[in-house]
Number of protein chains: 2
Amino acid sequence: MRVTVLRLGHRVFRDKRLTTHVALTARALGADEVVLSGEKDDGILESILDICERWGGHFKVSYEKNWKGFLERKKREGCELIHLTMYGLQHQTQISEIRKSKKDKVIIVGSEKVPTEVYHLADYNLSVTSQPHSEVAALAVFLHDFFEGKELEKEFEKPKVKVVPKACGKDVRKEA
Amino acid sequence: MRVTVLRLGHRVFRDKRLTTHVALTARALGADEVVLSGEKDDGILESILDICERWGGHFKVSYEKNWKGFLERKKREGCELIHLTMYGLQHQTQISEIRKSKKDKVIIVGSEKVPTEVYHLADYNLSVTSQPHSEVAALAVFLHDFFEGKELEKEFEKPKVKVVPKACGKDVRKEA
């Protein structure tokens, strides 16, 4: 099953770091791909790709101008669309149903204002708490619960560098 | 048991949104307090406090210039210091031990460069995956695992507004 994260409404100036955090969180916590939408930003695509190349694995990064067309196509292809929003149903009440379905997933995370159409296109509108916080945190908790913690053991193939976990200090190895 | 999050190395210009996300994630996922360090930024304190007042609860927000003195004092008071870093031991191997101890906790999250002293002062240096991603995501997953999901049911006292979870659309109620 393939898990794609769609980041809506990226703004080059305001969102550079948050969008980078969304993308890297998606990668680290087991998603296969991130698709950025909103303002086109080649710098950010490049810097995420650089990190992926250095740290290994097969994570895909791309830009999609027409997010609506993208979601409609994914839906036609049989994907389940999951929109993370503080206004949605509590994710913990829906996650086991979502886990059971073997369909590919697109997890949608917004920026400031999310168009109403997203709520209607989504198969699920889900909240990680109904409090205001962070799309990065919501994505992290959702992926962690969806993969049931197994994503923490994921190995990233052919990295150039690798961290060896350590009680104090840093141990970063260059891989052959 | 009291859980405080210390955000190290805030920079007014670069980190405004990420530090806000750290603080709101701490609040939403069950911490009692956030302490900001780095550059002093009254704007951010005020905007976080505004959100807390609107959405309820007793979350505390403050600024501490001398993070080292703060951590040393907390240690003398018997707190456990937990530093989240991609170089640390895997958090999932330590979390049940940490959960068992009833000591107050200070969870430390850095910005770009974390001073070496933090690694030495901390009782635990813990990673949420050994991959580069986001301090917001690491904090979210750590708190979620620490509180075992019970934080998702937390009620925030005397809110002015409240979201009623909904399958599609938004239902935000003004509280009396």
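These legends describe four close-up views of a predicted model.

**View 1. The two-fold arrangement of chains A and B.**
Chain A superposes on chain B after a rotation of 180°, with 0.0 Å of shift along the axis. The RMSD of this superposition is 0.0 Å. The two copies are therefore related as by a two-fold rotation axis. Which residue of chain A comes closest to the rotation axis? A:Ala137 does, with its C-alpha at 2.4 Å. Of the interface residues of chain A, 100% are also interface residues in chain B, so the copies meet through the same surface.

**View 2. The parallel sheet of chain A.**
Six strands of chain A form an open sheet. Their order is β3-β2-β1-β5-β4-β6, and the pairing is parallel. The edge strands are β3 (60–63) and β6 (124–127), and each pairs on one side only. From one strand to the next, the twist averages 30°. Within chain A, strand β1 (residues 3–10) and strand β2 (residues 33–38) run parallel and are joined by five bridges. A:His10 has its bridge partner in β2(A): A:Gly38.

**View 3. Helix α1 of chain A, on the sheet and against helix α2.**
α1(A) lies across β1, β2, β3 and β5 (105–109) of chain A. Relative to β1(A), α1(A) runs at about 175°. Helix α1 (residues 12–28) also packs with helix α2 (residues 42–55) of chain A, at an angle of about 35°. The axes of these two helices are 10 Å apart. The crossing of α1(A) past α2(A) is right-handed. On the α1(A) side, the contact is made by A:Lys16, A:Thr19, A:Thr20, A:Ala23, A:Leu24 and A:Arg27. On the α2(A) side, A:Ile44, A:Ser47, A:Ile48, A:Ile51 and A:Cys52 take part. By class, the contact of α1(A) with α2(A) has six nonpolar, three polar and two charged residues.

**View 4. The surroundings of A:Val163 in strand β7.**
A:Val163 sits in strand β7 (residues 161–163) of chain A. Is A:Val163 buried or exposed? A:Val163 has 20 other C-beta atoms within 10 Å, so A:Val163 is buried; the cut-off for buried is 20 or more. Neighbours within four places in sequence are left aside in what follows. In chain A, A:Val163 is in contact with A:Asp171 and A:Val172. In chain B, A:Val163 is in contact with B:Met86, B:Tyr87 and B:Ser130. A:Val163 and A:Trp55 are 108 residues apart in sequence, yet 9.4 Å apart in space, C-alpha to C-alpha.

Definitions and conventions: Residues numbered from 1 in each chain as written. Chains lettered and ligands numbered in written order. Predicted model: local features only at pLDDT ≥ 70, side-chain atom pairs only at ≥ 80, totals over all residues. Least-squares fit on C-alpha atoms with pLDDT ≥ 70 in both. Contact = placed C-beta atoms within 7 Å. Helix = DSSP H or I, 4+ residues; strand = E, 2+ residues; numbered from the N terminus. Buried ≥ 20, exposed ≤ 12 C-beta atoms within 10 Å, placed from the backbone. Axes fitted to C-alpha atoms, helices over the stretch in contact; angles between N-to-C directions. Left-handed = near helix turned anticlockwise from the far one by under 90°. Nonpolar A, V, L, I, M, F, W, Y, C, P; charged D, E, K, R; others polar. Pairing = 2+ DSSP bridges.
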